[in-house]
Amino acid sequence: MRRLTEPDAAWVGIIGWPLSALDDRIGRLFDCHHLAVALADVTWLRRLHEAWSVAPRDVDELRVLRATGEIGLGLGADGDRPHGWSAEEIHDLVAEGFLLPHAPSERAWLALARGDLVEARTAVEDAARARPAAGVPGTVLDVELRALGSLSRQPSG
């Protein structure tokens, strides 16, 4: 899995793919950086950040910003985006529908970007309550929720 997320491999052959296939690849890369955050795998997060930085033009720049911001939160002081996104970037992401503040998991990402761990934990709890029953596709690993839980339990400061 790691090899497929390397910068020289993540986007190979993607040009000309149907939009649905591109969306699937983007989703798997998000899953991978969520897993890397949950595992606190700094090396993998750095490589994923590099992969997103060479995304083809077919990938919306706000989607890249969303991904690199989440990775930045995972890297914290070890990365170049320790707070995820600037206030202006958050505004753009929300305005264009790339961050949805009413969704609990996305509320958690926003709280983490503000450094509000109490709100992040509350949002993670809300997301856990709202998730589908176990066994539904996408809930086996639930890597985004694991990543958010890991980050929201970090000591502040």
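**View 1. Arg-107 and Asp-126 pair up between two helices.** Arg-107 is partly exposed, with a relative accessible area of 21%; here buried means under 20% relative accessible area, exposed over 50%, and partly exposed in between (1.4 Å probe, protein chains only). Its partner Asp-126 is partly exposed too, at 22%. The two side chains meet in a salt bridge, with N and O 2.5 Å apart. (A salt bridge is a side-chain nitrogen of Lys or Arg within 4 Å of a carboxyl oxygen of Asp or Glu.) Arg-107 sits in helix α5 and Asp-126 in helix α6, so this pair, 19 residues apart, links distant parts of the chain. Helices are DSSP runs of H or I with at least four residues, strands are runs of E with at least two, and both are numbered from the N terminus.

A quick note on what you're looking at: this is a predicted model, where local features need pLDDT of at least 70 and side-chain atom pairs count only at pLDDT 80 or more, while totals for chains, interfaces and linings use all residues. Residues are numbered from 1 along each chain as its sequence is written, and side-chain values use heavy atoms, with hydrogens and water left out.

**View 2. Arg-66 and Glu-70 form a buried salt bridge in α3**. The closest N and O atoms of this salt bridge are 2.5 Å apart. The two residues are four apart in helix α3, which means about one helical turn separates them. Arg-66 is buried at 7% relative accessibility, and Glu-70 is buried at 0%. Salt bridges that share partners join Arg-66, Glu-70, Glu-106 and Glu-144 into one network.

**View 3. Glu-6 reaches over to Arg-47**. Their closest N and O atoms are 2.4 Å apart in this salt bridge. Glu-6 lies in the segment before α1 and Arg-47 in helix α2, so the pair ties together parts that are 41 residues apart in sequence. Glu-6 counts as buried at 18%, whereas Arg-47 is partly exposed at 28%. In total, the structure holds 13 salt bridges.

**View 4. Thr-5 is tucked in before α1**. With 4% relative accessibility, Thr-5 counts as buried. Its side chain makes a polar contact with the side chain of Trp-44 at 2.9 Å. (That's a pair of N or O atoms within 3.5 Å; within protein, one must be able to donate a hydrogen and the other to accept it, and residues adjacent in sequence count only if both atoms are side-chain atoms.) A polar atom of the Thr-5 side chain also lies 2.8 Å from the backbone oxygen of Arg-2. Leaving aside neighbours within four places in sequence, the contacts of Thr-5 (heavy atoms within 4.5 Å) include Leu-29, Cys-32 and Leu-48.

**View 5. Trp-85 belongs to the largest nonpolar core**. Such a core is a set of buried Ala, Val, Leu, Ile, Met, Phe, Trp, Tyr and Cys residues joined through side-chain atoms within 4.5 Å. This one has 43 residues, and those with the most contacts inside it are Trp-11, Trp-52, Trp-85 and Leu-112. Not counting residues up to four places away in sequence, Trp-85 touches several residues, among them Leu-65, Ile-90 and Trp-109.

**View 6. Ala-40 sits in the loop between α1 and α2**. What is phi of Ala-40 near? Phi is near 55 degrees, a positive value in a residue other than glycine. Most residues other than glycine have a negative phi. Ala-40 is exposed, with a relative accessible area of 54%.
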